Amino acid sequence: MKYDVVVVGGRISGSIASLYASKQDVNVLMIEKNQEIGTPVQCAGGVTRSFFETLQMKPPQKLICSEIEGAILHAPDGEKFLTKNSLLQGYILERKMLDKALAIKSAEAGTDIMLKAQVKDLIIEKGQVKGVIVRHQGKLLEIPSKIVIGADGVESQVARMAGLHNGHNPQDLISCAQYEMVGLDIDPEILEFYFGFNKAPGGYVWIFPKGENRANVGLGVRYGANSAIYYLNKFISHLKGKIVELNVGGVPIGGPLKKTYSHGVLLTGDAAGHVDPVTGGGMHLSAVCSSLAGKIAAEAVINENLSSSYLSRYEKEWKKRIGKNLQRSLKYRALFDNMDDEELNSLIKFLNTNDFKSLSTLSILKLAREYPKLFLVLKNIL
Amino acid sequence: MIFQADLCGYCGACASVCPLGIIELNGYKIEVLEGCNNCKNCIHICPLGAFQEAKKDEI
């Protein structure tokens, strides 16, 4: 067993990376630690239209639970702001089915898939990664490969083994819990977000509709005195719906890793920190970065140049495409981190009234001087 | 640190914040290796509260 490219992780980032590598006629293996693709779900399922545009795919109709036309922001004091900006328009997908659909697409392009396989180590010779050591069906297998792509999520072992990351600072990870619920009184075309220290300290609550009365109701917290599930149980106690699924996960919101490549290794998706630090969304970024990772890994094999300097073009390329957006989003996250409930109330009031006077007493005005584009962005987005 | 396997949701958040890399997510199983320095990162991050602080004589 010998491959040109081994992709560790079989969720969307892994499937996209392996698909784009296989498209170039190199031998690709994708390794997934679970026995099925797409579970357990660690996502609210929301995606912008750009996700499918980047992948040059038509959105598969059977995966779309609802089409989103706008969002309501709920301030801590109860004030609501409704927006129908086109940037918010997109889909809520059945995420586990999307993962599987992309894995099937990758397999059809030629990718071999190994399930229930745990990467235990990298094969490293003279500083160059030359494959993976995998535990699979009771055996320890050495699988040589020219390139290893780490698409193994927030807990990436490939990133650690390659010396590219040594674990996240807990402040840069948001702890999330989500129930899928039925019997809810919701608008199937509108996302809802709730803010407030008592509801979701350091994060927010989301309601992402999956149909007429079905939705993913979840939240992310940081700095909480209790776990995410405690706050979620508290939030849903006033809802009438019934729970049909539980999902949990940690989302990296500290921005991309300092380095996402090494000798024979590329990192992509959550493993590389390709997640928007404000929204916690990452699927649209995965579409960009993971397709680049697969394409550039295959090119490196074809050009017989597996050096770190050749692979650096991956990082240059993804930075060119999404780097500025991620850096700007990191600054905005820092801004939101400093806002208390009173300031959030005023901000949502401002969005409703468009009256700058409502902001005059706020410390965010001082901060906004440092980020003058923030209000422009808020006005454009919302 | 005490890990309660029956509370675990297998998301790997604990493994991602462990500075020593001694928490491994292996499919639907979490393995906590020896060497915990009691930093409490896993306790703070677990969405389901599966990690709890050990009493002094249990560390």
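# A walk through the predicted model

A:R49 lies over the face of A:Y91, with 5.8 Å between the arginine and the centre of the ring. This is a predicted model, and the ring of A:Y91 is a convenient place to enter it. With a relative accessible area of 10%, A:Y91 is buried, since residues under 20% count as such. A second case of a charge over a ring is found where A:K23 lies over the face of A:Y20, at 4.2 Å from the ring centre.

The ring of A:Y91 also takes part in a contact with another ring, and over all chains the structure holds 11 aromatic pairs. In one of them, the rings of A:F52 and A:Y91 have centres 6.0 Å apart and planes at 75 degrees, so the pair is edge-to-face, because planes over 60 degrees apart are counted in that way. A:F52 belongs to helix α2 (residues 50-54) of chain A, while A:Y91 belongs to strand β7 (residues 90-93) of chain A, so the pair ties together parts that are 39 residues apart in sequence. Like its partner, A:F52 counts as buried, with a relative accessibility of 2%.

Another edge-to-face pair is formed by A:F193 and A:Y204, whose rings are 5.4 Å apart centre to centre, with 70 degrees between the planes. Here the two residues come from two strands, A:F193 from strand β13 (residues 190-194) of chain A and A:Y204 from strand β14 (residues 204-209) of chain A, so the pair ties together parts that are 11 residues apart in sequence. A:F193 is buried at a relative accessible area of 12%, and A:Y204, at 18% relative accessibility, counts as buried too. Neither ring stands alone with its partner, for ring pairs link A:F193, A:F195, A:Y204, A:W206 and A:F208 into a cluster.

From the rings we can turn to the strands of chain A, beginning with strand β11 (residues 139-150). Strand β1 (residues 3-8) of chain A pairs with β11(A) in the parallel sense over five bridges, and within this pairing A:V7 stands opposite A:I149. Strand β10 (residues 128-136) of chain A also pairs with β11(A), but in the antiparallel sense and over six bridges; the bridge partner of A:G131 in β11(A) is A:P144. β10(A) and β11(A) form a hairpin with two residues between them, and in its turn A:Q137 has a positive phi of about 50 degrees. Strand β18 (residues 265-267) of chain A runs parallel to β11(A) and is joined to it by three bridges, with A:G150 having A:L267 as its bridge partner in β18(A).

A further hairpin in chain A is built from β5(A) and β6(A), with five residues between the strands, and A:G78 in the turn has a positive phi of about 100 degrees. Four bridges join strand β5 (residues 70-74) of chain A to β6(A), and the two strands run antiparallel; in this pairing the bridge partner of A:I72 is A:L82. Strand β6 (residues 80-83) of chain A has two faces, a covered one with A:F81 and A:T83, and an uncovered one with A:K80 and A:L82.

The last part of the tour concerns empty space. Rolling a probe the size of a water molecule over the atoms shows where such space is left. The second largest pocket holds about 280 Å³ of space. Of the 18 residues that line this pocket, the closest to its centre are A:Y223 and A:G224 together with B:I43, B:H44 and B:I45. Helix α2 (residues 41-45) of chain B gives the most to the lining of the second largest pocket, with four residues, and the residues of that lining divide into nine nonpolar, eight polar and one charged.

Cavities are also found in this model, and the structure holds five of them with a volume of 30 Å³ or more. The largest cavity has a volume of about 120 Å³, and among the 15 residues that line it, the closest to its centre are B:C18, B:I23, B:C36, B:C39 and B:C42. Helices α1 (13-17) and α2 of chain B each supply at least two residues of this lining. As for character, the residues that line the largest cavity divide into 11 nonpolar, three polar and one charged.

Note on methods
Residues are numbered from 1 along each chain as its sequence is written. Chains are lettered from A and ligands numbered from 1 in the order in which they are written. This is a predicted model: local features need pLDDT of at least 70, side-chain atom pairs count only at pLDDT 80 or more; totals for chains, interfaces and linings use all residues. Side-chain values use heavy atoms; hydrogens and water are left out. Rings of Phe, Tyr and Trp (its six-membered ring) pair if their centres lie within 6.5 Å; planes under 30 degrees apart count as stacked, over 60 as edge-to-face and the rest as tilted. Buried means under 20% relative accessible area, exposed over 50%, partly exposed in between (1.4 Å probe, protein chains only). A charge sits over a ring if NZ of Lys or CZ of Arg is within 6 Å of the ring centre and within 35 degrees of the ring normal. On a 1 Å grid over the protein atoms alone, a cavity is a set of points where a 1.4 Å probe fits but cannot get out, and a pocket is an open set with protein on both sides within 12 Å along at least five of seven lines; lining residues have an atom within 4 Å of a point. Grid points are joined across faces, edges and corners, and a volume is the space filled by probe spheres set on the points. Ala, Val, Leu, Ile, Met, Phe, Trp, Tyr, Cys and Pro count as nonpolar, Asp, Glu, Lys and Arg as charged, and the others, Gly among them, as polar. Two strands pair if DSSP finds at least two bridges between them.
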